[in-house]
Amino acid sequence: MRVSSCLFLVLSNCLSSGAAIPTFPDILPRATNVVNQTTCNGKQYTYQQLAGYGFVPSNARDSYGDTLGGFGSSIVIDLKTWRKLKNGTYTGTLYAIPDRGWNTQGTLNYQNRIHTFSISFTPNTNAAASSPSPPNLSLTYQRTLLLTDPTGNPTTGLDADPSGGLSIKGFPLLPAVTFTGNGFGEPGPGGKSLSIDAEGLVLARDGSYWISDEYGPYIYHFSRSGKLLSAIQPPPAFLPTRNGSISFSANSPPVYDPDRELNPEDPQSGRSNNQGLEGLTASPNGKTLYALTQSALIQDGGPDNPFRRQARLLQYSISPASKPRLEKEFVVTLPLYNDPNSENTPVKVASQSAIQYLTPTQFLILSRDSGFGRGTDNPESQYRHIDIFDISSATNIASSSSANYNTANGSIASPEGVLKPGITAATYCPFLDFNVNSELRKFGLRNGGEGGVGEDSRGLLNEKWESIAVVPVDGKKGRDGEYFVFSISDNDFITQD
């Protein structure tokens, strides 16, 4: 099924603490129209303008012949490569992950991977709804790195087995699948592989990679060559259980057995199906990792709307990387939105898809609706934001050992998602709205209108926006507080040509 191209946006922002917005008369003149603005714990943030967009054709393939698109699960722009050229064009290197593959008819034996692209971006200061700009951002595919377990065996996007896992010396029990044939529904020898649903990506200073996952939900450390070095298992409260045992399956049947049923379908505690460690970011010095669940754990109000609001943020010291240590843990209460198409559950949670470090206490967070936009029957998105949360006044629940929040089935909230007494969540500050049509139309884009699929969907924003990368407008250190925010969609599709 050919759905859409992989679309990416660039948004111009002032990320500052109330300082004046600097001017760039040759590239980005000072914005007189503030699109969105917020103040979060005394720090002011301004969304100035949509600065650009581009796309990768839906028939693009990687060097292994697989569909390239749908790689917006997480992105990183290597700041060491980010440059502003004399002619006003910006260049750099971008890394991206395509979670568990195209996944259009079930999970499949797709080897997890990291794509590398070169970026070329030339801001267009004359873009207007009356004279829309053509694409001014291009990503040129460079290469793909395939990921393996510690023994060199390929990893896979197939859903993990309902029980058991992969036992390797020096590692916790790893999510794994015992598959038949070639894992795509065709003849083959079968096998057993490490199952990963890759959702978050961090580029370490030594060139290795940290990847957060939804099956475990774990955080994996891969070498520069793609071999697994270590795995961080979160506290027992995060581990999915069924019938009293760990059960890593996300109830996502494989393409070769689409009618497979699980009993029970949802875990009875731990992360919800496909709601694991969706967001991953790191401090600039590379010594601290932060990972955020997509929504609430089962025992904290998940998996149903509108109760699954209380996401958990884990803070790990990774100095040294070989000895990660849980330092702190916080709660982030996710926003709600109204779904006009749902009579039974009109109020839903805008689950998060990405986070980005700003300061030791503040982070960008991409929270959005689901089932709206290009590739769906509902063209108008209701909530598609990059917001901000602040943990400076939030309760560190990792230090509350007497409360047993992190033991198996440890809970921080009622079944209705109401936080227990004594727990203060992070401050949540709504900020940047993707769906502002006055900005989108400057580039021939839109939210809403006619048609979500086919020819009528041209210009419509894709459904799944799942990534954030932040780079300085000055092309150097960003001391002036002016930044570009990149985001890439992750609609699942498979090329037909």
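Student: In this predicted model, between which two strands is the loop that holds Pro-303?
Tutor: Pro-303 follows a cis peptide bond that joins it to Gly-302, with omega at about 5°. The loop in which Pro-303 is placed runs between strand 18 (288–293) and strand 19 (310–317).

Student: Which residue is joined to Pro-320 by a cis peptide bond?
Tutor: Pro-320 is found in the loop between strand 19 and strand 20 (325–333). The cis bond there has an omega of about 5°, and the partner of Pro-320 in that bond is Ser-319.

Student: How many strands are there in the protein?
Tutor: The elements of the protein are of two kinds, helix and strand. There is one helix, and the number of strands is 28.

Student: What radius of gyration does the globule rule give for 497 residues?
Tutor: The C-alpha trace spans about 60 × 55 × 50 Å along the principal axes of the protein. The radius of gyration is 22 Å, close to the value from the rule, so the protein is as compact as a globular protein of that length. For 497 residues the globule rule gives 23 Å.

Student: What percentage of the residues in the protein are buried?
Tutor: A residue counts as buried when its relative accessible area is under 20%. Of the 497 residues in the protein, the buried ones make up 62%.

Student: How far apart are the centres of the positive and negative side chains?
Tutor: The protein has 39 positive side chains and 45 negative ones. Each set has a centre, and the distance between the two centres is 10 Å.

Student: Is Ser-487 buried or exposed?
Tutor: Ser-487 has its place in strand 28 (residues 482–488). Its relative accessible area is 0%. The cut-off for burial is under 20%, so Ser-487 is buried.

Student: Which residue has the backbone oxygen that the side chain of Ser-487 reaches?
Tutor: The polar contact starts from the side chain of Ser-487 and spans 2.7 Å. At its other end is the backbone oxygen of Ser-467.

Student: With the side chain of which residue does the side chain of Ser-457 make a polar contact?
Tutor: Ser-457 is placed in the loop between helix 1 (437–440) and strand 27 (469–472). At 2% relative accessibility, Ser-457 counts as buried. The polar contact has a distance of 3.1 Å, and the partner is Arg-374.

Student: What distance separates the C-alpha atoms of Thr-427 and Cys-40?
Tutor: Thr-427 is found in strand 26 (residues 427–433), and it is partly exposed at 38%. Leaving aside neighbours within four places in sequence, the contacts of Thr-427 are Ile-388, Phe-389, Asp-390 and Cys-40. Thr-427 and Cys-40 are 387 residues apart along the chain, yet their C-alpha atoms are separated by 7.8 Å.

Student: Near what value is the phi of Asn-243?
Tutor: Asn-243 lies in the loop between strand 15 (241–242) and strand 16 (245–246). It is exposed, with a relative accessible area of 58%. Its phi is positive although the residue is other than glycine, and the value is near 55°.

Student: What relative accessibility does Asn-274 have?
Tutor: Asn-274 is found in the loop between strand 16 and strand 17 (277–282). It is not a glycine, but it has a positive phi of about 55°. Asn-274 counts as partly exposed, its relative accessibility being 23%.

How values were computed
Residues are numbered from 1 along each chain as its sequence is written. This is a predicted model: local features need pLDDT of at least 70, side-chain atom pairs count only at pLDDT 80 or more; totals for chains, interfaces and linings use all residues. Side-chain values use heavy atoms; hydrogens and water are left out. Helices (H or I, at least four residues) and strands (E, at least two) are DSSP runs, numbered from the N terminus. The radius of gyration is taken over C-alpha atoms; the globule rule is 2.2 Å times the number of residues to the power 0.38. Buried means under 20% relative accessible area, exposed over 50%, partly exposed in between (1.4 Å probe, protein chains only). Lys and Arg count as positive and Asp and Glu as negative; His and the chain ends are not counted. The place of a charge is taken as NZ of Lys, CZ of Arg, CG of Asp or CD of Glu. A polar contact is a pair of N or O atoms within 3.5 Å; within protein, one must be able to donate a hydrogen and the other to accept it, and residues adjacent in sequence count only if both atoms are side-chain atoms. Contact means heavy atoms within 4.5 Å.
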